[in-house]
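Colleague: Please take a close look at the aromatic pairs in this model, and say how far the coordinates can be trusted before you get to them.

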Amino acid sequence: MRQMGLDFRLTRCQRFSYSVGHVFNDLCSAMWFTYLLIFMRDVVKLSNASAGYLLLWGQVVDALCTPVIGYCSDKMRDHFGYGRRKTWHAIGTLSVVVSFPFLFLRPLLLPDDALETALIVYYACFIAVFQFGWASTQVSHLALIPQLTSVDREKVQLNAFRNAFTVLSSVTVYGSAWFLLSADSSDREENQPETLSIQTLQFKELMVICVVTGALFSVIFHLGTPESKSNSDNSSSDFGVSNSSTLAIGLLDWFREYQFYLIALMYMCSRLIVNVSQTYWPLYLMDSLHLTKNFIAIVPLVIFSSGFVMSLLMTQMNPSTGQKAICFLGLLLTVVSCTAMWLLTKDNAIFVLIPAVLLGTGGCILLITSLSMTADLIGKHTESSAFVFGTMSFVDKLSSGTSIALIQVFHPCKSSKCCPDCEWYYRSVMVLLPTGVAAVSICILLALLPIKIGRLRWIPR
């Protein structure tokens, strides 16, 4: 097997194996953001605020772990010859395997009438392990991109292929959920209510699909993605960077760069739009538009299918088009989608598929361009790539978790039961928050216009 230097182009097998390395995380993330609040509210019977605090706890743990794991991944020496990035990826995968299944099962060691505090502590322990594993996998996987190639077009392609499998993973989750919900509906009479045991079984079956599929693709990643020994030993000679330049670069130097903060904010806003909308789509569909339960699988399926098509188109896009112009297009589609959602009522709810397509396309564009900007920012300074991606993820997780927790705290219903006020509340969340974040993103994009991303002032080039 040839050594993976930055001047080599990747083979198709290597691109494929790298692209599927985040599938396990993506499957779990789709369930985490889309169905966790519903599971905690309808199955575990936690209050809206408590469910929000659990999700916030998970995001805080993830936010704290990402920069620490990034630093450790950058500094760790490869004593076993396996590769420091792939070692952290393996640690993360195992952590997710042993923790994620318990998040969508009723407590095994607690009685049915357990206190809410005991339930919160129980799930918080598994959430902590899961988020540590998720962060380990995410940071190590992203940090491989600048090490695998220095060609800008190939970086965009890797991010696009990676996002394509993210979309396919989400399609798998929502397609499976649609199948399970449809099968359950056909087995029951129309006037027969859905029982708690049926709901629990649905989540359990969906969780098993995610764990088995994700573990399989993680094995493919480890078998097909090489990580050269020189990368793992912190040597940068293979990347065209001299050792003296490497020694001159400190992690604190990144915080002296103006564009580091702008791109961090851009990445945060992109993830915030996608994560919040992904979390509240099911509640918006059921409580605001009063659609049937099947739509909590159909609409996300449409969103991520349109995102998958956009991912494929972006792999063929001419680099001269410009990341900033493409990013602006994604923001414009997001604002149009939110405007359409504001006009929807339960009488014309069937047209929800139109803003779903627009939001799926716009969100896909934002995720790919923000990741590509981050990779361009890192450039040849791959010895601290995990730290940079970890920092980006830190602001992403903290902002998403805080936003969702605040939304749950100010929820008009203080119990797990819904009230008429939920209709306007979820509509406001789905429209006002993404629109406001998109407006902030446009301002950040304007500030980035005169800047050549990756041309750093304080860090040696």
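Modeller: The model is predicted, with a mean pLDDT of 82 for the protein chain and 85% of its residues at 70 or more. Two stretches stay under 50. One is residues 188-195, for which the model has seven contacts beyond four places in sequence; the other is residues 230-248, with 38 such contacts. Where pLDDT is low, the predicted coordinates should not be read in detail.

As for the rings, a search of the whole structure finds 21 aromatic pairs. One of them joins Phe255 and Phe387: the ring centres are 6.0 Å apart and the planes stand at 80°, so the pair is edge-to-face. Phe255 sits in the loop between α10 (243-248) and α11 (258-288), whereas Phe387 belongs to helix α15 (residues 385-409), so the pair ties together parts that are 132 residues apart in sequence. Phe255 is partly exposed, at a relative accessible area of 34%, while Phe387 is buried, at 9%.

Phe260 and Tyr261 form another edge-to-face pair, with 5.8 Å centre to centre and 85° between the planes. Here Phe260 is buried because its relative accessible area is 2%, under the 20% cut-off. Tyr261, at 41%, is partly exposed.

Ring pairs also build a cluster from Trp32, Tyr35, Phe39, Phe100, Phe104, Phe130, Tyr174, Phe203 and Phe304.

One more aromatic residue, Phe328, contributes to a nonpolar surface patch of about 340 Å² together with Leu329, Leu332 and Val336. Of these, Leu329 lies in helix α13 (residues 323-343) and is partly exposed, with a relative accessible area of 40%.

Terms used
Residues numbered from 1 in each chain as written. Predicted model: local features only at pLDDT ≥ 70, side-chain atom pairs only at ≥ 80, totals over all residues. Heavy atoms only, no water. pLDDT = per-residue confidence, 0-100. Contact = heavy atoms within 4.5 Å. Patch = residues over 30% accessible without salt bridge, like charges linked within 9 Å, V, L, I, M, F, W, Y side chains within 5 Å. Areas by Shrake-Rupley, 256 points an atom, 1.4 Å probe, with all protein chains shown as cover. Salt bridge = Lys/Arg side-chain N within 4 Å of Asp/Glu carboxyl O. Helix = DSSP H or I, 4+ residues; strand = E, 2+ residues; numbered from the N terminus. Buried < 20%, exposed > 50% of the residue type's maximum accessible area, 1.4 Å probe, protein only. Phe/Tyr/Trp six-rings, centres within 6.5 Å; stacked < 30°, edge-to-face > 60°.
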